Amino acid sequence: MSLSSADVEKVARLARLAMNDQEIQAAQAQLNNIFGLIAEMQAVDTKGIAPMSHSQDLAQRLREDKVTEPDQRAAFQAIAPQVEQGLYLVPQVIE
Amino acid sequence: MQWEIVIGLEVHTQLSTNTKIFSGASTAFGAEPNTQADAVSIALPGVLPVLNKGAVERAIKFGLATGSHIANRSVFARKNYFYPDLPKGYQISQFDLPVVGQGALTIQVEPLSGNAKPYEKTVRITRAHLEEDAGKSMHGDFHGMTGIDLNRAGTPLLEIVSEPDMVSAAEAVAYAKALHTLVRWIGISDGNMQEGSFRCDVNVSVRKPGQPLGTRREIKNLNSFKFMQQAIDYEVQWQIDTIENGGKVHQATILFNPDTGETRAMRSKEDAHDYRYFPDPDLLPLEISPEWIEQMRATLPELPQAKQARYVNDLGLSAYDASVLTSSREMADFFEAALGNAIGQAKICANWIIGEVSAQLNRDGLDMTQCPITAQQLGGMLQRIADNTISNSGAKEVFRTMWAEGGEADAIIEAKGLKQVSDSGAIEALVDEIIAANADKVAEYRSGKDKLFGFFVGLAMKASKGKANPAQLNDILKKKLEG
């Protein structure tokens, strides 16, 4: 499998990345290299091996259901571009 | 020609944990904006999610209550989309390995129209998975900008997906109600629909019998059963009209407007559903041991369906009474506490709770937990009905007094002199007097005017100040009149 430049453009748009033609070309080449590596890996016989979803063969540790986080709104909002009435303000979004 | 309706539901139910699914921030409702939005909720760089054990426990309970498969290993995945109410740029959800697999829920369907009889139906559950909720967007007056409150971001949700097994709005509503009852019953969610703790997405399509499934449209975010029924009715008619007029239904996400009673398609971008799921590298697989599942099983209460069956088989109640009494755990608990060991009084106990108690709660705008009469108080009154101390009308008086002023049945009966007269000698004396004083009416009665019987009952009741045992009075009166 290899990616066309249109594929790269679509992925960039989904990831909200602005890319010019030159950058798209470069990304296309790099991504196709990665696909080349994946193709090599897919040639390995994995019959009888259970698929893993994580590179470490461990299970998730769980947290007790207890409140540990204090209100730090003032500290967090001090670095936000714009806030009002305790809300973070962002460019208008309407569905 | 007839159309078939096909409906499937996706229900998002907020889990009743103290903290968020991936962080120790509080989930309490109604806090000042962003005061419960910690570093994980606002997605500061470098933070890592840590899964809340309480959320997993609730998912296991749901799986057990619906006879579902519970995965010994499940995986969290990133669902990628850009929207400011989830600032990570993705929602942590589950995709191909959800925590709860196939199960089923049996429901009682009350048809909405005509004289059709209630019936039972089993709806298959496809899966239920854990995920995080998003924040809230405020489109108020913020100089053309949108305000974001991330308190809700990261609240644990269980998304429960059904098979498209429902064929009418009535079935969809019955399923949603049964699910709503169940999640509260097993204590995994407060089910508060006004606060958004129980939100339904309804997939609707229509087809001709025997044809493949039609194209579906998804009605999003219904938070009332009434709106659900209206939205489905409108949408079904719209789809049928569209097809019969030569048009085509296109897959879409739609919203229901309760003010107009209409559905309309949301504006959606072409890429909106390209979520690019992949396993979240920040989270290891979730493992659930058989021992853990058994521990959770031991915490489950008797489930509504099992209770219904027991009420019908052991207590001799009708299926209808049993289903009303198990419509909430509070009501079932009240019924059982009021009944106590008096199994023989199950029917009268059910009648009082479904009748007077429910009606009075309704009138006063209260729910079962706010009932001013305790189950023990009601039980005490039922005993006095059973042992003939009070008549039904006397019981109503006791009930009204209890409701308004409190107190135990015995004390009220005593204070108000409601004890009925069951001494047959006293009743006979009273009846003799009435017969003697109304010779003309007695003659009319004896010549065939049966309707006068009520007249005599009225007189006798009045003479006894309403205290004569009605059944006894009827017997004695009848005997004496027939002379």
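Biologist: What makes the radius of gyration of chain B differ from that of a compact globule of 483 residues?

Modeller: The radius of gyration, taken over C-alpha atoms, is set against a globule rule of 2.2 Å times the number of residues to the power 0.38; for 483 residues that gives a value near 23 Å, but chain B of this predicted model has 30 Å. Along its principal axes the C-alpha trace spans about 95 × 55 × 50 Å.

Biologist: How do you know which residues to trust, and how they are numbered?

Modeller: In this predicted model local features need pLDDT of at least 70 and side-chain atom pairs count only at pLDDT 80 or more, while totals for chains, interfaces and linings use all residues. Residues are numbered from 1 along each chain as its sequence is written, with chains lettered from A and ligands numbered from 1 in the order in which they are written. Since pLDDT is the predictor's confidence in each residue, from 0 to 100, chain B is rated by its mean of 92, with 98% of its residues at 70 or more.

Biologist: Why is a set of residues called a nonpolar core?

Modeller: The name applies because its members are buried Ala, Val, Leu, Ile, Met, Phe, Trp, Tyr and Cys residues joined through C-beta atoms within 7 Å, where buried requires 20 or more other C-beta atoms within 10 Å of a residue's own, placed from the backbone. The largest has 64 residues, of which Ala59(B), Ala172(B), Tyr175(B) and Val202(B) touch the most other members. Apart from it lies another core, of 32 residues, among them Leu325(B) and Met381(B).

Note on methods
A residue is buried if 20 or more other C-beta atoms lie within 10 Å of its own, exposed if 12 or fewer, and partly exposed in between; C-beta atoms are placed from the backbone.
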